[in-house]
Amino acid sequence: MKQEIVKQIILTADYGKYLTNGETYGKTVVLPESADVLAWYEITDTEYETVQEVVNV
């Protein structure tokens, strides 16, 4: 049996918001320990819906 311990960073958006890095969107993001968390920021649900409308046109 192989056992491995992996350290990760888990970001969770506040209520009514999404996390994004400008390309990927989600309520929770799991990143490797070495990731740059400053690349991620919150947007409102309304902003997310607007982005999705533009993408799906």
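Helices (H or I, at least four residues) and strands (E, at least two) are DSSP runs, numbered from the N terminus. This is a predicted model, so to speak for itself only where local features reach pLDDT of at least 70 and side-chain atom pairs pLDDT 80 or more, while totals for chains, interfaces and linings use all residues. Residues are numbered from 1 along each chain as its sequence is written, and side-chain values use heavy atoms, with hydrogens and water left out.**View 1. The whole chain, end to end.** Here we have one helix and five strands, laid out along the sequence as β-β-β-β-β-α. The C-alpha trace spans about 50 × 20 × 20 Å along its principal axes. Its radius of gyration (taken over C-alpha atoms) is 14 Å, whereas a compact globule of 57 residues would come in near 10 Å; that globule rule is 2.2 Å times the number of residues to the power 0.38. Of the 57 residues, 19% count as buried, meaning under 20% relative accessible area with a 1.4 Å probe, protein chains only.

**View 2. The hairpin of β2 and β3.** Strand β2 (residues 17-20) runs antiparallel to β3, and two bridges join them; two is also the least that DSSP must find for strands to count as paired. Look for Leu19, whose bridge partner in β3 is Gly26. Four residues sit between the strands of this hairpin, and Gly22 takes a positive phi near 95 degrees.

**View 3. The open sheet and its edges.** Three strands line up in the order β3-β2-β5, with antiparallel pairing. β3 (25-26) and β5 (41-44) are at the edges with a single partner strand each, so one side of each has no neighbour in the sheet. On the β5 side, β2 is held by four bridges, again antiparallel, and Thr20 stands opposite Tyr41 in β5.

**View 4. Helix α1 against the sheet.** After Tyr41's strand, β5 (41-44), helix α1 (residues 45-55) packs on the sheet and touches β2, β3 and β5. Contact here means heavy atoms within 4.5 Å. The helix direction makes about 85 degrees with that of β5, using lines fitted to C-alpha atoms (for helices over the stretch in contact) and angles from 0 to 180 degrees between N-to-C directions.

**View 5. Trp40 and the nonpolar core.** Six residues make up the largest nonpolar core: Leu11, Ala13, Leu19, Val29, Leu31 and Trp40. Such a core is a set of buried Ala, Val, Leu, Ile, Met, Phe, Trp, Tyr and Cys residues joined through side-chain atoms within 4.5 Å. Setting aside neighbours within four places in sequence, Trp40 is in contact with Leu11, Leu19, Thr20, Asn21, Thr24, Val29 and Leu31.

Methods:
Buried means under 20% relative accessible area, exposed over 50%, partly exposed in between (1.4 Å probe, protein chains only).
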